[in-house]
Amino acid sequence: MVGLCRGAGVALKILAISGSLRAASSNSAVLRVASRVAPMGIEVIMYDGIDRLPYFNPDLDREFDDPLLPASVRELRAAIAASDALLISSPEYAHGVPGVLKNALDWLVGGPEMVGKRIALFNTSPHATHAQASLAETLRTMSVAIIAEASIAIPLPRGESDDALVASEEVSRALRAALAMLVAVSD
Ligand SMILES: Cc1cc2nc3c(=O)[nH]c(=O)nc-3n(C[C@H](O)[C@H](O)[C@H](O)COP(=O)(O)O)c2cc1C
C-alpha cells in the first residue's frame with residue numbers, strides 16, 4: 001500500500017536522519033534497520049553529514065545557488081529536496097533536542113525544501129517525551145507534515161546487532177508498517 005508515487009519501477013526515497021552521533025546509537029540503528037526491511041518500492045537513505053554542518057549562522061544562510069552557502073548545507077538541502085519523505089530518530093539530551101539536530105533544522109528553516117515534507121518521528125526511548133514534543137514543535141514552524149500514524153516509539157533491546165534487529169519479526173513488522181504509513185496518501 002504505497003500512496004506517494006514516483007512512477008513505475010522508481011522507488012520512493014526516504015531520507016533518514018539520526019540525532020545521535022554515538023557509534024552505538026540506538027537511533028541510528030533503528031534507521032539502518034528500517035533501510036534494510038523497507039517494503040518494496042521504498043528506499044531509505046541514511047544522511048550521515050549532520051556532524052559536518054557548521055554552526056548555524058544567519059549571515060551564511062543564503063539561496064541554494066549562492067556560493068556563500070556552506071557546501072555541507074547545500075548537500076543537506078539537496079538531499080531533502082530529492083527525497084519524498086523524511087524519517088527522524090533522535091535521543092533526548094537534558095529534556096531537549098540534541099544540539100546537532102537542532103543545528104541542522106535551523107539551517108533548513110529559511111529554505112523551501114521542508115515545506116509540506118512528510119515526516120515520521122521515531123523514538124527509541126519512549127520515556128523521553130520532552131525532546132519529541134520540542135522536535136515536533138520546531139518542525140511545525142517549518143510547515144512540514146508530521147505523519148502521526150508513522151511516528152512510533154520503538155524501544156530496542158540494548159546491544160542487539162543490526163542483523164538481530166532485522167531478524168526480529170516484531171521490530172521489522174513495526175518498521176515496515178510505519179514506512180508504509182509514511183508514504184500512504186490518505187488526505
Ligand atoms: C548528556 C545526556 C543527557 C541525557 N538526557 C536525557 C534526558 O533528559 N531524558 C532522557 O530520557 N534520556 C536522556 N539521556 C539518555 C539518552 O537520551 C539515551 O541514552 C538515548 O538512548 C541515547 O540515544 P542513542 O542510543 O541514539 O545515542 C541523556 C543522555 C546523555 C548522554
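Which helix holds both E169 and R173, and how many residues apart are they? That is a good way into this predicted model, and the points below start from there.

1. **The E169 pair.** Both E169 and R173 belong to helix α6, where four residues, about one turn of the helix, separate them. Their side chains form a salt bridge with an N to O distance of 3.9 Å. E169 has a relative accessibility of 47%, so it counts as partly exposed.

2. **A similar topic in helix α3.** K102 and D106 are partners in a salt bridge, with 2.8 Å between the closest N and O atoms. Helix α3 (residues 99–108) contains both, and they sit four residues apart, about one turn of the helix. K102 is partly exposed, at 32% relative accessibility.

3. **A pair that joins two helices.** R32 and D162 also meet through their side chains in a salt bridge, at 2.6 Å from N to O. Because R32 is in helix α1 and D162 in helix α5 (residues 162–167), this pair ties together parts that are 130 residues apart in sequence. On the matter of burial, R32 is partly exposed at 30% relative accessibility, whereas D162 is buried at 19%. The cut-off for buried is under 20%, so please read the label for D162 alongside its value of 19%.

4. **The salt-bridge count.** If you would like the total, the model has nine salt bridges. As a reminder, side chains of opposite charge can pair when their charged atoms come close.

5. **The nonpolar cores.** The largest nonpolar core is made of 28 residues, and I14, V44, L87, F122, L175, L179 and L182 have the most contacts inside it. At least two residues of this core come from each of β1 (12–18), α1 (26–37), β2 (42–46), β3, β4 (118–122) and α6 (169–183). Another core lies apart from it and has 25 residues, including L108, L121, L139 and M142.

6. **A closer look at V44.** Setting aside neighbours within four places in sequence, V44 contacts I14, A16, L31, A34, S35, A38, L87 and L179. Among these, I14, L87 and L179 are also on the list of residues with the most contacts inside the largest core.

7. **S83, a loop residue.** You will find S83 in the loop between α2 (71–81) and β3 (85–89). Is S83 buried or exposed? S83 is buried, because its relative accessible area is 6%, and the cut-off is under 20%. Its side chain reaches the backbone oxygen of I80 at 2.8 Å. Beyond residues up to four places away in sequence, S83 touches K13, L15 and K117.

Definitions and conventions
Residues are numbered from 1 along each chain as its sequence is written. This is a predicted model: local features need pLDDT of at least 70, side-chain atom pairs count only at pLDDT 80 or more; totals for chains, interfaces and linings use all residues. Side-chain values use heavy atoms; hydrogens and water are left out. Buried means under 20% relative accessible area, exposed over 50%, partly exposed in between (1.4 Å probe, protein chains only). A polar contact is a pair of N or O atoms within 3.5 Å; within protein, one must be able to donate a hydrogen and the other to accept it, and residues adjacent in sequence count only if both atoms are side-chain atoms. Contact means heavy atoms within 4.5 Å. A nonpolar core is a set of buried Ala, Val, Leu, Ile, Met, Phe, Trp, Tyr and Cys residues joined through side-chain atoms within 4.5 Å. A salt bridge is a side-chain nitrogen of Lys or Arg within 4 Å of a carboxyl oxygen of Asp or Glu.
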